[in-house]
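User: Could you take a close look at one part of this model for me? I would like to see how a single helix sits among its surroundings, and then how that picture fits with the rest.

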Amino acid sequence: MSMERLSDEQVLAALLVGERDALAELVARYQGPLTGYLDRLVGGDWALAQDLVQETFMRVLRQHADRGARPFKPWLYAIATNLARDHFKSAAVRRATRWDDHFDERLVDDAAGPEDQALAVERGADIVCALATLGAEYRATLALRFYNEMSLQEIAETLDVPIGTVKSRLSVGLRRLRAAMIAAARIEQGAEER
Amino acid sequence: MNAPSPGPRNSHDADQRLADALREQDATPAEIADWTPVIRRFARWPERTITPADTNRLLAALAPLTPTSAPSLVRQAVRERFARRHGSLLWLLDTARIQVSVLRPSFWLLSAAVMALGVYAEFVVGDTGSVFLLRALSPLLAYLGITAMFRGVRLRMIECELGCPPSALQLTIARLVVVLGYDVGLGLCLGLALWLRGGHGVPGEVSFLALTLHWLTPLLLVAGVALALSLRLPVAVAAALAYLGWLAGLVLYYTLATYSPAIGARQTPAIPMSVEIALGVAGLTLLTLSVWRLPAHFTHLLPTG
């Protein structure tokens with residue numbers, strides 16, 4: 001049976017009646033975008049993002065009855081977002097670290113010299129650092145909008161907030177991101193001048 | 001509107017789409033100018049790719065949780081019961097008999113009412129108008145039949161139907177035989193009634209064969225087209241399109257024929273019998289091909305939300 005032309009909801013229905021190819025199709029559709037999304041959410045920790053993707057799909061299989069009439073995609077990303085949040089909550093209990101601190105631990109290296117910093121910018125670490133300055137809800141909203149290319153309505157459904165809140169988070173998030181990038185560029189410029 | 005990915009697209013279109021997306025979130029022109037480079041920097045995220053090994057690992061982890069098609073004990077018992085008679089004529093008849101109970105009484109009554117309308121048209125309207133009415137009414141039976149066949153889709157019961165011991169192909173054939181068999185039977189009754197009366201209302205075409213063709217050809221053609229369209233479209237839309245298409249074609253043909261000098265001289269805009277037979281054969285061919293292909297397309301009938 002050809003799965004490519006089916007909607008996500010139809011593939012899920014086929015999966016639940018035992019269609020073998022349906023799981024592979026869902027994974028083919030969402031493993032990449034979901035890992036990329038979670039990677040942005042957890043500050044570039046690729047291994048953690050992959051673990052969370054696996055847990056997300058497990059929840060899909062275990063809790064499909066909870067989806068109700070919700071479209072599949074926002075439901076899937078809502079599970080992923082909640083899992084990322086839960087992960088850092090539990091980590092915070094165990095290791096007394098906050099979700100947002102995770103970025104700083106991984107990315108901010110005060111001992112790095114100007115050349116190392118320039119290399120990091122080239123590798124894209126500057127955007128990772130800039131994103132780290134934002135709160136988790138802003139990171140999620142920006143990633144869903146500008147990486148996963150979701151509509152405002154889909155983001156609202158995913159994060160369970162009104163569309164007005166989505167717009168506000170996007171505006172505030174972009175403003176803060178721009179400020180962080182400008183600040184990072186000034187620091188970089190200062191380091192080069194010294 | 002979906003936001004464009006901030007990937008390395010430098011075209012004017014990509015910029016325009018990005019600007020549109022920002023406008024959608026109520027950004028001012030100044031903000032759009034400020035934020036566009038910021039969003040483009042998103043593309044500099046240190047992207048990594050999913051390897052086939054990653055995918056295989058994920059699939060292996062999910063496999064134990066995947067619902068299997070292993071049948072339950074009840075289902076096994078049902079299958080065994082069916083397996084004993086599987087393939088026999090009795091089993092096929094039994095499957096068809098079960099399909100009769102699936103169709104609602106309104107289908108049988110409405111179809112009979114349409115046939116009665118055909119009789120009424122023939123006895124009361126008379127002249128060439130009755131042939132037109134026969135050709136316009138009979139595909140209504142096809143419309144009713146096709147929508148009744150797929151009633152399970154509307155009721156969101158299609159998964160249950162697909163879970164039954166008979167295959168999707170066997171179910172489709174059984175229902176088609178029941179529905180079209182009933183419609184054809186009605187058509188034959190109508191033809192017989194008119195033939196016994198003498199066919200006075202059908203000038204020049206009083207034979208039983210001609211009357212039956214007037215009734216069956218549009219029915220088979222519309223049923224075939226509706227089933228073929230249902231491979232791509234929702235069943236109700238497909239059936240309505242097929243019927244309305246036929247009606248539009250019929251009206252157009254009669255309108256043109258009425259004003260055509262060649263046909264106007266005969267005063268009866270008749271479709272030649274050879275054309276009617278060809279249309280009927282085309283309908284049957286479409287029906288056969290569609291039934292053959294339908295099981296592979298059954299998943300598009302599954303509920304989407």
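The request and the reply below start from one helix and work outwards.

User: Please look closely at helix 14 of chain B: which of its residues are buried, and what covers them?

Analyst: Happy to. Please keep in mind that this is a predicted model, and every value below is computed from it.

Let us start with the length of the helix. Helix 14 of chain B runs over residues 273-293, which makes 21 residues. At 1.5 Å a residue the expected span is 30 Å, and because the end C-alpha atoms lie 30 Å apart, the two values agree.

Now to your question about burial. The buried residues of helix 14 of chain B are G283(B), L286(B), L287(B) and S290(B). They cover an arc of only 105 degrees around the axis, so they sit on the same side of helix 14 of chain B. The general rule behind such a pattern is that an α-helix has 3.6 residues a turn, so residues three or four places apart point the same way. The face turned away from this buried side carries S274(B) and W292(B), which are exposed. As for the cover, helix 11 of chain B, residues 208-229, is included in what lies over the buried residues of helix 14 of chain B.

Stepping back, chain B as a whole has 14 helices and 0 strands. Buried residues make up 30% of its 305 residues. Taking the contacts in chain B between residues at least 6 apart in sequence, 73% join residues at least 24 apart.

One residue elsewhere in chain B gives a local view of such packing. L137(B) lies in helix 7 of chain B, residues 127-149. With 20 other C-beta atoms within 10 Å, L137(B) is buried, because a count of 20 or more is what burial requires. Apart from neighbours within four places in sequence, L137(B) is in contact with V114(B), L117(B) and G118(B). For G118(B), 19 residues away along the chain, the C-alpha separation from L137(B) is 6.8 Å.

A contrast comes from a loop. D26(B) lies between helix 1 (12-24) and helix 2 (29-41) of chain B. With 12 other C-beta atoms within 10 Å, D26(B) is exposed. The phi of D26(B) is positive, about 70 degrees, although D26(B) is not a glycine.

Chain B also meets chain A. The axes of helix 2 of chain A (residues 20-41) and helix 3 of chain B (residues 52-62) come within 11 Å and cross at roughly 135 degrees. These two helices, helix 2 of chain A and helix 3 of chain B, are therefore oblique to each other, and their crossing is right-handed. On the chain A side, L23(A), A24(A), V27(A) and Q31(A) of helix 2 meet T55(B), L58(B), L59(B) and L62(B) of helix 3 of chain B.

Helix 2 of chain A has a partner within its own chain too. Its axis and that of helix 1 of chain A come within 7 Å and cross at roughly 140 degrees, and helix 1 and helix 2 of chain A are therefore oblique to each other. This crossing of helix 1 and helix 2 of chain A is left-handed. Here V11(A), L12(A), A14(A) and L15(A) in helix 1 meet A22(A), L23(A), E25(A) and L26(A) in helix 2 of chain A. L23(A) therefore turns up in both sets, because it is listed against helix 3 of chain B and against helix 1 of chain A. The buried residues of helix 1 of chain A, residues 8-16, are V11(A), L12(A), A13(A), A14(A) and L15(A). After helix 1 of chain A comes G18(A), with a positive phi near 95 degrees.

Chain A itself has 10 helices and 0 strands, and 39% of its 194 residues count as buried. V166(A), in helix 10 of chain A (residues 163-193), is buried, with 24 other C-beta atoms within 10 Å. Setting aside neighbours within four places in sequence, V166(A) is in contact with T141(A), L152(A), I155(A), A156(A) and V161(A). In the loop between helix 9 (152-159) and helix 10 of chain A sits D160(A), which is exposed, with 11 other C-beta atoms within 10 Å. Phi of D160(A) is positive, near 55 degrees, in a residue other than glycine.

To return to your helix: the buried residues of helix 14 of chain B lie on the same side, and the face turned away from them carries S274(B) and W292(B).

Conventions. Residues are numbered from 1 along each chain as its sequence is written. Chains are lettered from A and ligands numbered from 1 in the order in which they are written. This is a predicted model: local features need pLDDT of at least 70, side-chain atom pairs count only at pLDDT 80 or more; totals for chains, interfaces and linings use all residues. Helices (H or I, at least four residues) and strands (E, at least two) are DSSP runs, numbered from the N terminus. The expected span of a helix is 1.5 Å times one less than its number of residues. The arc is that of the directions from the helix axis to the C-beta atoms. Two residues are in contact if their C-beta atoms, placed from the backbone, lie within 7 Å. Axes are lines fitted to C-alpha atoms, for helices over the stretch in contact, and angles run from 0 to 180 degrees between N-to-C directions. Angles under 35 degrees count as roughly parallel, over 145 as roughly antiparallel, 65 to 115 as roughly perpendicular and the rest as oblique. A crossing is left-handed if the near helix is turned anticlockwise from the far one by less than a right angle, and right-handed if clockwise.
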